[in-house]
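Work through the following exercises with the sequence and the structure side by side. Each task is followed by a solution in steps.

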Amino acid sequence: MLANVYLHEVLDTWFERMVKPCMHGRSFLIRYADDAVMVFEKEEDARRVLEVLPKRFGKYGLTLHPEKTRLVAFRQPHKRIDSPGDEPGPGTFDLLGFTHYWGLSRRGYWVIRRKTANSRLSRALKRIGEWCRLNRHRPVDEQWSKLSTKLLGHYGYYGITGNMRSIEWFHHQVKHVWRKWLGRRSAKSRMNWARFAALLSRYPLPSAHLPRSVLT
């Protein structure tokens, strides 16, 4: 809430009143709390704003993240880039846990696609592993109920059109992690895949699915 109130004046209003009128091409600002992406039709406009942005933030006692603040050539490809020697493909960028990239639609058209950012996948899986480790001695039905809730929450946020592969990978890895820590409840509680499959038949984890869709 504080970020929205503060950055409305520092960034949003400044961009609309001072930046856009000075650009040679179209420009847009997309911001959520303290995450923002600026889109420019002309590279020269992007470089001009990138040069003055640290000064604008510094005026209000703010700094830009040195690793996340970067210029990305996010242009629509002119052709399929799949052979050695071709020009480099378009860049990608992360926003709100998703990596945005150009991909081909089923009809062969270039469209902007989104997938779960690798850093978010690693972070989410690490948290699942830590929870399973700390709660491995709890009754299996309690573990199953909690893991199901966590998976459904993950699907609810990341389950958008085009992201099924990431959803399925996460579901698969969660099963691996759960089996690992169930097998470490005691020296006698070995959990091979046959035994784990039997357990899953009784306590099935929510299958990977996309609860919502985004038109592309």
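**Exercise 1. The cover of a helix**

What covers the buried residues of helix 4? The model is a predicted one.

Solution.
- Step 1: Locate the helix. Helix 4 runs over residues 140–158 and has 19 residues. From its first C-alpha to its last it reaches 27 Å, close to the 27 Å expected at 1.5 Å a residue.
- Step 2: List the buried positions. In helix 4 these are V140, Q143, L147, S148, L151, H154, Y155 and Y158.
- Step 3: Place them around the axis. They cover an arc of only 130°, and therefore lie on the same side of helix 4. An α-helix has 3.6 residues a turn, so residues three or four places apart point the same way.
- Step 4: Find the cover. It includes strand 4 (98–104) and strand 5 (110–116), together with helix 3 (118–134), helix 5 (164–182) and helix 6 (193–202).

**Exercise 2. A salt bridge between two elements**

Find the salt-bridge partner of R31 and state which parts of the chain the pair ties together.

Solution.
- Step 1: Apply the cut-off. A side-chain nitrogen of Lys or Arg must be within 4 Å of a carboxyl oxygen of Asp or Glu. By this rule the count comes to 8 salt bridges.
- Step 2: Check the pair. R31 meets D12, with the closest N and O atoms 2.7 Å apart.
- Step 3: Assign the elements. R31 is in strand 1 and D12 in helix 1 (residues 2–19), so the salt bridge ties together parts that are 19 residues apart in sequence.
- Step 4: Classify the acid. D12 has a relative accessible area of 16% and is buried, because buried means under 20%.

**Exercise 3. Further salt bridges**

Describe the salt bridges of K20 and R133, and name the residues linked in a network.

Solution.
- Step 1: K20 pairs with E16 at 3.7 Å, N to O. K20 is partly exposed, at a relative accessible area of 30%, and E16 is partly exposed at 47%.
- Step 2: R133 pairs with E130, and their closest N and O atoms are 2.6 Å apart. Both residues belong to helix 3, where they are 3 residues apart, about one turn of the helix. R133 counts as partly exposed at 32% relative accessibility, as does E130 at 36%.
- Step 3: The network of salt bridges links E43, R47 and R75.

**Exercise 4. A nonpolar surface patch**

Which residues form a nonpolar patch on the surface?

Solution.
- Step 1: The members are F28, I30 and V39, with about 240 Å² of accessible area together.
- Step 2: Take F28 as the example. F28 lies in strand 1 (residues 27–32).
- Step 3: F28 has a relative accessible area of 43%, which makes this residue partly exposed. Patch members need over 30% relative accessible area and no salt bridge.

**Exercise 5. Positive phi outside glycine**

Where do A33 and L96 lie, and what is the phi of each?

Solution.
- Step 1: A33 sits in the loop between strand 1 and strand 2 (35–40). Its phi is near 55°, a positive value in a residue other than glycine.
- Step 2: L96 sits in the loop between strand 3 (93–95) and strand 4. L96 is not a glycine, yet has a positive phi of about 55°.
- Step 3: Classify both by accessibility. A33 counts as partly exposed at 23%, and L96 counts as partly exposed at 28%.

Conventions. Residues are numbered from 1 along each chain as its sequence is written. This is a predicted model: local features need pLDDT of at least 70, side-chain atom pairs count only at pLDDT 80 or more; totals for chains, interfaces and linings use all residues. Side-chain values use heavy atoms; hydrogens and water are left out. Patches are made of residues with over 30% relative accessible area and no salt bridge: like charges are joined within 9 Å, nonpolar side chains (Val, Leu, Ile, Met, Phe, Trp, Tyr) within 5 Å. Accessible areas come from the Shrake-Rupley method with a 1.4 Å probe; for residues, only the protein chains shown count as cover. Helices (H or I, at least four residues) and strands (E, at least two) are DSSP runs, numbered from the N terminus. Buried means under 20% relative accessible area, exposed over 50%, partly exposed in between (1.4 Å probe, protein chains only). The expected span of a helix is 1.5 Å times one less than its number of residues. The arc is that of the directions from the helix axis to the C-beta atoms. Contact means heavy atoms within 4.5 Å.
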